[in-house]
Amino acid sequence: YRLQKRADFWGMREFYSTVRVINAELKERASRGLGAALEPQLLMKTVQRNYGGQPESEVDTVIEEFFDRIGMDQEQAQRYTIPELISQNLQEPAARHLMLLTKNNAALRLLFEGGLLDHSKAEVMFGSTFPNDLSDIFVAMNLQRVKSIMQKPISLVMVHCDSMYESLYDLLNQHYMELGGTLYVRIAHGSKAKQCPIHPEFR
């Protein structure tokens, strides 16, 4: 953690998520009567899924640290490609929402031309940095669109929507509550906040 070139890029959230995913995988294996033991491939998957977004050399350092601490040989596990990791994430409703860091909107081409997302089951929302597009009215209109989309079992791809992320804090961090069999999440705008329904398969 202290050796990161970009301070606080990774933190306790990534560590807790890694532990949570491993625990869930082991419980699922036990429910199928399989041995609930941590294997190199599972460790590789969870570390790669939670510690991405940095140059490969830094990710290599994290992988090496986890395997050394646990006493496993990372050569016993095969590394996943970026498309494989994205596909795994999108197929797991309980997985963390995904942030893709690319240049020139390359993520859109990767997602749609690579077959990871289908246009019929996904919506794309483009934000803006123009001053007139950062008004409360513009943000409120986009938040209404998000509220409508998240009630469907589809994926929402948000591009340059920085002005909305604060309002969507609970959504992006999956701070959901369940009431009467329906999931709700708090959407805030200014001094107002409202619990809004969300589909379990929304990504």
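This is a short walk through a predicted model of a protein chain, from its overall layout down to a few individual residues.

Let's begin with the whole chain. Its secondary structure comprises eight helices and five strands. Read from the N terminus, the order is α-α-α-α-α-β-α-β-α-α-β-β-β, so you can follow the elements along the backbone as you turn the model. The C-alpha trace spans about 55 × 40 × 35 Å along its principal axes. Of the 203 residues, 33% count as buried. The accessible surface amounts to about 13200 Å², and carbon and sulfur atoms contribute 53% of that. If you take the contacts with a sequence separation of 6 or more, 59% of them join residues 24 or more positions apart. As for charge, there are 23 positive and 25 negative ones, and their mean positions lie 5 Å apart.

Now find helix α2, which covers residues 40-50. How many of its residues are buried? Nine of the 11 are, which leaves this helix mostly covered. The buried set consists of Pro-40, Leu-42, Leu-43, Met-44, Lys-45, Thr-46, Val-47, Gln-48 and Asn-50. Notice that Lys-45, Gln-48 and Asn-50 are on that list alongside Leu-42, Leu-43 and Val-47. The cover over these buried residues includes α1 (12-31), α3 and α4 (82-90).

Step off the end of α2 and you come to an aromatic pair, one of two in the model. The rings of Tyr-51 and Phe-66 have centres 5.5 Å apart, and because their planes meet at 55°, the pair counts as tilted; the edge-to-face label would need an angle over 60 degrees. Tyr-51 sits in the loop between α2 and α3 (56-70), while Phe-66 belongs to helix α3 itself, so the pair ties together parts that are 15 residues apart in sequence. Are the two partners buried or exposed? Tyr-51 has a relative accessibility of 7% and counts as buried. Phe-66, at 15%, counts as buried too, since the cut-off for that class is under 20%.

Further along the chain, two loops deserve a look at their backbone. His-160 has a positive phi of about 55°, although it is not a glycine. You will find His-160 in the loop between β2 (155-159) and α7 (162-165). Gln-174 is another non-glycine residue with a positive phi, in this case near 60°. Gln-174 lies in the loop that links α8 (169-172) with β3 (176-179), and its 21% relative accessibility makes it partly exposed.

We finish at Gln-195, in strand β5 (residues 192-198). With 38% relative accessibility, Gln-195 counts as partly exposed. Which residues does Gln-195 touch, leaving aside its neighbours within four places in sequence? They are Met-177, Tyr-184, Val-185 and Arg-186. With Arg-186 there is also a polar link to examine: a polar atom of the Gln-195 side chain lies 3.4 Å from the backbone nitrogen of Arg-186. For a sense of scale, compare the position of Gln-195 with that of Leu-34: the two are 161 residues apart in sequence, and their C-alpha atoms are 40 Å apart in space.

Key:
Residues are numbered from 1 along each chain as its sequence is written. This is a predicted model: local features need pLDDT of at least 70, side-chain atom pairs count only at pLDDT 80 or more; totals for chains, interfaces and linings use all residues. Side-chain values use heavy atoms; hydrogens and water are left out. Helices (H or I, at least four residues) and strands (E, at least two) are DSSP runs, numbered from the N terminus. Buried means under 20% relative accessible area, exposed over 50%, partly exposed in between (1.4 Å probe, protein chains only). Contact means heavy atoms within 4.5 Å. A polar contact is a pair of N or O atoms within 3.5 Å; within protein, one must be able to donate a hydrogen and the other to accept it, and residues adjacent in sequence count only if both atoms are side-chain atoms. Rings of Phe, Tyr and Trp (its six-membered ring) pair if their centres lie within 6.5 Å; planes under 30 degrees apart count as stacked, over 60 as edge-to-face and the rest as tilted. Accessible areas come from the Shrake-Rupley method with a 1.4 Å probe; for residues, only the protein chains shown count as cover. Lys and Arg count as positive and Asp and Glu as negative; His and the chain ends are not counted. The place of a charge is taken as NZ of Lys, CZ of Arg, CG of Asp or CD of Glu.
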